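Q: I have a new model open and want to learn how to read it. Where do I start?

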Amino acid sequence: MIRVLNLFCVAVMGFTILGLYHVSEQTRVARKELASVTRQIADERSHISVLETEWQHVASPSRVQQLAEARLGMSNTASAQLSSFDLLPRRGAAEEALNKTPLRNANAIVTASAPPYDPDSGM
Amino acid sequence: MNDSVFQRRIIIGAGLCVVAFALVGIRLVDVTLFGSANQGSILAQTVEPRADLTDRNGELLARDLPVKDLYARADAPFDFAEGARALAAATGADQKRLLKGLIAKQHSRKPYVLVARRITPDQEAAVMALGLPGLEFEPSVKRYYPDGRGAAQLIGVTDPDNNGVSGLEMGLQDRVHRAAASRGGSGKVVTSIDMRVQYILAHEVEEARRKFSARAGGGIVMDVNSGEVLGLVSLPDFDPNARKLLPGDSTRNIVAQDRYELGSIFKIFTFAQGFDEHTIRMDEVFKIGQGFKIGKHTIHEAERMPETLPVRDILAESSNIGTAQIALRAGGTRQRAFLTRLGLLAPMSSELPETARPLYPSNWGAIETATVGFGQGISVSPLSFVTAAASIVNGGRRITPTFVRQDGVDRRGEQVVRPETSRQMRELLRYVVTNGTGRNAEAPGYEVGGKTGSAQVPGPNGRYIPHALRTSFCAVFPAHEPRYIVFVMLDQPHGIKETGGFALAGHTAAPMAGKVIARIAPLLGVPNDAPPVKLADGSS
C-alpha cells in the first residue's frame, strides 16, 4: 500500500514538475513578448514624439505666413475686414437687420488689400 | 599509501571545493546585489528627462527628442590610434581627445570614453560600418525647439546635460522635472506664451528693425489683469537648436536683462502721480516757454512747443518742461516713494531668471526729480516698465508678471493708484493716440491708447551719443477697459524718406505697435467695435 502511495506521490511530483516547467516556460515566453511589445510601444511613442515635433516645425506661424503669401497671394487683414459671428443678423430678421442696421465695423478705410493670385506667376 | 593519507587528500580536495564555491558565491552576491565595479556605469551619466514646454494653447515649444551618445570602451582590444582616427572621421569628434581618453582609461575601473554626444542616424551607420569592438550607443535626449528663433531668449536653452541654463528652461526647471516624473513621463508645463502673438510680435519688430536699420529691437505683450506675458521678443536672437552663434546673433534678452533710460514713455508715471496726489488737474494750463531753469541747469524741449499747454497736451505733445514742473510739484521724496510702490526701483521678480537691477539717482534733488519725471537719469528694464504701466491702467492695482498660464485668473494685488487715477490715465493715453505723438499707433476699431518715448542713448563715456535715439511705444487696448499692454522698442533706429528723415518714436515705434495690435487683437478675441474717431492729422 505504502509502495503504491509512494509511486502515486512520485508521479504527482513528476507531473507537478512538468506542469511547473510548462507554466514557467509560458511565463518566460510571455515576458519576452511583453518586453518586445513594451519596446515597440516605446519606439512608437518615440516616433510619434518626433513626428509631433516635426509637425510643430512645419506648421509654425512663420512658415504658414511665408507659404500663404508666396503661394496664395494672401496678406494681413485690415481690422475693418474682420467681424464676429455674434454680429451677424439672425435668420428671419436678416432682411430688416441688413436694411436698417448700420454696418458696425465699417469704421476704417482698408489701407492694404491682398494682391490677387496670379496662376501664371509660377508661384 | 595508507587510509590516513587518502582521508587527508579527500579533506583537502573537499576544502578546495568549498573555497571555490565560496568564491563563486561571494562573486554572485557582489554581482547581483552590489553590481560590478569593473564594468563601469554609463547609466550614471545619463541625463535627467525634461517635460515638454507648451504655449497656452498646447502648441509645443520645447521637447526632449531621443538621440544616442556614443561611448568607446578603453579595455576593448583594438588599436587606439587607428580607432581614434576612424571614430573622429565618422563622428567629427576630436581625434587627439579621443586617443588621450582611451590611453588614460585603459586600466580604469570605468573604462568608458565619450566619443560624441547626440550622433545622427548617418553617423551611427558610419560608426557601425567601422566594425570596431567595444563601442556602445547610449540612449540620450536632445532638447529641441520646433519654432527655432521664434522665442529663443524667452524659452532659453539647456546645457549638454539637459539642465536649463537660460530663459524659462532655467526659470521653470523644477516644474519641468516634476512634470517629467508625473503621468508616466507625459506631463507638460504650460506657459503663458501665445505662439501666435509671439510670432506676430517678433515679425513686426524684425520688420521695423530692418526698415529703420536699428541695432536691436524688442517687444512685450502682457495681460494687464493676470500679468501673463503672451509674447516677449528680443532681437537680435539666436538659433537654440544650433548650439553655436552665427555672426550677428545674441543670446541677451534685452527686454528683461538690460536696463534703459526709456525717456518720455516714463511720463506716464509722473502724470499718474500728479492725478493720484491731486497736484494737477485735467483742466490746468502750464507755461512752457523755451527753457526751464532749475539751479544752474536748463531743461529744453526736443521740439518747438507753444508758450502754454493744457495738462493733457503736455503728455500728448510730450513736453519735457511741462512734465518737469508736474514732477517738481510732487517733490523728490514722494516721487521716489511712488516709483518704489510701482516696483520700479527693485529688480523684477518672475519665472524668468534674467533680470536687471534698476539704476536711479543716489542724490534725489530737484534736477533729478525733474529729469526722472521725463525719463532721464533712471534706467529700468522694459519688463519692469511694462509691469508698472500695467498696474497704472488696470484699475490701479499692482500686478506681477508671470510666464505660466493662469487661465484668466485676476491676479491684481493691492491698490497702487486710485481707480479714478487709472481712468484718467487711460483717457489721457487715448488722447495721445488721437491727438498727440502716438497717432501712428491707431488700429481702427480697437481704441488704442499709448505713449511714445524717444530717449537719448548714453555712450561708453557716459555722454549722450549725438543723434542716437532709443525709441519705444507703450500701448494699451481697448483704452476704456484695457485687457492687454503692448510695448515695443528700437535701439538706434535711423530716419528714412517715408518718415521725412525722422527717427522719433512717433515715426518708428508707434506704427509698429499699431500693426502688432491690429494683428493680435482678432486672435485674442478683442472686438473691433470701437466707433471711428477723427485723428488730429485728419485721418480716420
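A: Start with the domains, and keep in mind that this model is predicted. Chain B splits into domain 1 (48–190) and domain 2 (198–523). The C-alpha centres of these two domains of chain B lie 43 Å apart.

Q: How many residues does each domain of chain B give to the contact?
A: Domain 1 of chain B gives 19 residues and domain 2 of chain B gives 17 residues. On the domain 1 side, α5 (152–155) and α6 (167–171) of chain B are the elements with two or more residues. By class, that side has eleven nonpolar, six polar and two charged residues.

Q: And what does the contact between the chains take from chain A and chain B?
A: An interface can be described in several ways. Its size is often given as the accessible area lost when the parts come together. Here, take the residue counts: 19 from chain A and 25 from chain B. On chain A, α1(A) brings the largest share, seven residues. The chain A side divides into five nonpolar, twelve polar and two charged residues.

Q: Now the sheet. In what order do the five strands of chain B run?
A: The order is β7-β6-β14-β13-β12 in chain B, an open sheet with antiparallel pairing.

Q: Why do β7 and β12 of chain B each have one side without a neighbour?
A: Both stand at the edges with a single partner strand, so one side of each is left free of a neighbour in the sheet. For β12(B), nine bridges lead to β13 (464–477) of chain B.

Q: Which helix of chain B lies across β12 and β13?
A: Helix α15 (419–435) of chain B, running at about 75° to β12(B).

Definitions and conventions
Residues numbered from 1 in each chain as written. Chains lettered and ligands numbered in written order. Predicted model: local features only at pLDDT ≥ 70, side-chain atom pairs only at ≥ 80, totals over all residues. Domains from an automatic or database assignment. Contact = placed C-beta atoms within 7 Å. Helix = DSSP H or I, 4+ residues; strand = E, 2+ residues; numbered from the N terminus. Nonpolar A, V, L, I, M, F, W, Y, C, P; charged D, E, K, R; others polar. Pairing = 2+ DSSP bridges. Axes fitted to C-alpha atoms, helices over the stretch in contact; angles between N-to-C directions.
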